[in-house]
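Here is a friendly walk through one protein and the ligand it holds. Have the structure open as you read, and follow along from the ligand outwards.

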Amino acid sequence: MANNSIGLIGPGRLGLCVALLLEQKGYSVTAIEQNQRYLEALQTKSFDSPEPEVNELLRTSKHLRFSSDLKECLTEDHELIFIYVPTPENDQGYDHSILKGVLEAIMNQGERKHPVTLVVGCTTLPGFNQTIEERLKALNYHLVYSPAFIAQGTIVKNLQHPDMLLFGASDMTYALKTEVIMSQIALNHPQAHHMSLISAEITKLATNCFLTAKIAFANAIGDLASQSGADQKAILGAIGSDSRVGHKYLSYGYGFGGPCFPRDNRALNYFAREAGYTLQISEATERANEQHTDFQIAQLLQTTSQQEEIYFDHVTYKPGTDILQESQQLKIALALAKEGRLIKVCGSSKVVQTLKSTYGNVFRYEVKN
Ligand SMILES: NC(=O)c1ccc[n+]([C@@H]2O[C@H](COP(=O)([O-])OP(=O)(O)OC[C@H]3O[C@@H](n4cnc5c(N)ncnc54)[C@H](O)[C@@H]3O)[C@@H](O)[C@H]2O)c1
């Protein structure tokens, strides 16, 4: 790049971490945020993030500016712009309306003198990026799709130590420019994969689809072991030691949930149906996840007495986050409470407050920050 200015639109959970790491690498970053209250918290550096390392990186940042004015990141000195706005789930996979709105607003500013690399880091339904790339190209904006493989609670760490970097583009020149930048954030020299836009979109979803299938498989084998009086830990430990399988995501526990795994699995299924292909593996994974939760509910009802208090040390979708979205443990706690069982749930003050306002005295509560 001729200069070291980078634009970023949508410094939310993911985008803020990318912006902070780019700034740490010496780039001057202009981040555009629409939510006024959040924008002020970022500008005054008073935002309190639940993500490790973010507060410290924000406090010490010197060349990271936040603004609500899109034009500030569309000046000629910004040759590379990242986009991380939300793409929430809907019944057609993802709702791209916010992302489309941003891309339209960019195009409304007219043609660029020098080529600009536009990196979409949002999760999109396969095919979305190619529907808009020609119009962008006509104005000298060149699209690269580069999703991050991260998990809530470890976003900075995952960006710094990714298993792979993924780039989808029609023109390799711009994908390579993006790789140069992303490889500076990644400290572990990960392999970079270059492919077409749609192939990269499928790769992103298929990776999560594989992981959900693996989790569902481990839980199903664990349930089978438990049903037949066998040792689930010994069985899964042995299977995982086969190098073709591996231990990661192969332990017995709650079903998968949260804001990414279930929706990415469903979106790939939706995309497959639209493409005229039945992706049975993704449908089976979803059903197996539900079956596992039902199994755990039945087991808890069988192995505990009516008077006994059942304690959940977390009902967020995984420990260490405040996210309750599609949490299987919360589903279990609610199902047991419905059967008249005494349920105590533990969580941070924020989580307990949310639970109290939603479920009131369905549960007993314990705050542990
Ligand atoms: N958070 C994750 O773990 C994760 C993981 C993989 C992929 N993703 C993908 O990354 C994208 C962003 O996810 P997130 O979790 O960071 O979302 P988020 O909601 O935390 O952040 C998005 C930010 O964009 C802002 N925004 C919305 N419209 C805007 C606009 N027009 N201009 C400027 N800012 C705008 C929002 O106010 C918010 O601060 C999504 O597509 C998501 O699927 C997220």
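## The shell around the ligand

Sorted by class, the residues that make up the shell around the ligand are 13 nonpolar, eight polar and four charged. Please keep in mind as you look that this is a predicted model. There are 25 residues around the ligand, and those that come nearest are Leu14, Glu33, Thr87, Gln152 and Arg263.

Where in the chain does the shell come from, in terms of domains? Both domain 1 (5–195) and domain 2 (197–303) supply it, with at least three residues from each.

## Polar contacts with the ligand

Three contacts to oxygen atoms of the ligand are worth finding on your screen, and they are listed here with their distances.

- For Arg13, a backbone N or O atom lies 3.0 Å from a ligand oxygen atom.
- For Leu14, a backbone N or O atom is placed 2.9 Å from an oxygen atom of the ligand.
- For Glu33, the side chain takes part: one of its N or O atoms is 2.5 Å from an oxygen atom of the ligand.

How much of the ligand does the protein cover? On its own the ligand has 830 Å² of accessible area, and the protein covers 87% of this. Two elements give two or more residues to the shell around the ligand: helix H1 (13–24) and helix H4 (97–108).

## The eight-stranded sheet

Now turn to the strands. Eight of them form an open sheet with mixed pairing, and their order is E3-E2-E1-E4-E7-E8-E9-E10. Strand E3 (64–67) and strand E10 (191–195) are found at the edges; each has a single partner strand, so one side of each lacks a neighbour in the sheet. On average, neighbouring strands of this sheet are turned by 25° against each other, direction ignored.

To see one pairing within this sheet, look at strand E4 (residues 80–83) and strand E7 (residues 116–120), which pair in the parallel sense over four bridges. Ile81 has Leu118 in E7 as its bridge partner.

## The three-stranded sheet

A further open sheet has three strands in the order E11-E12-E13, and its pairing is parallel. Why does one side of E11 and of E13 have no neighbour in the sheet? Strand E11 (309–312) and strand E13 (364–367) stand at the edges with a single partner strand each, so one side of each stays without a neighbour. From one strand to the next, the twist averages 20°.

Within this sheet, E11 and strand E12 (residues 342–347) pair in the parallel sense, with four bridges between them. Here you can find Ile310 opposite Ile343 in E12.

Conventions: Residues numbered from 1 in each chain as written. Predicted model: local features only at pLDDT ≥ 70, side-chain atom pairs only at ≥ 80, totals over all residues. Heavy atoms only, no water. Near = heavy atom within 4 Å. Polar contact = N/O pair within 3.5 Å; in protein donor to acceptor, adjacent residues only side chain to side chain. Areas by Shrake-Rupley, 256 points an atom, 1.4 Å probe, with all protein chains shown as cover. Nonpolar A, V, L, I, M, F, W, Y, C, P; charged D, E, K, R; others polar. Domains from an automatic or database assignment. Pairing = 2+ DSSP bridges. Axes fitted to C-alpha atoms, helices over the stretch in contact; angles between N-to-C directions.
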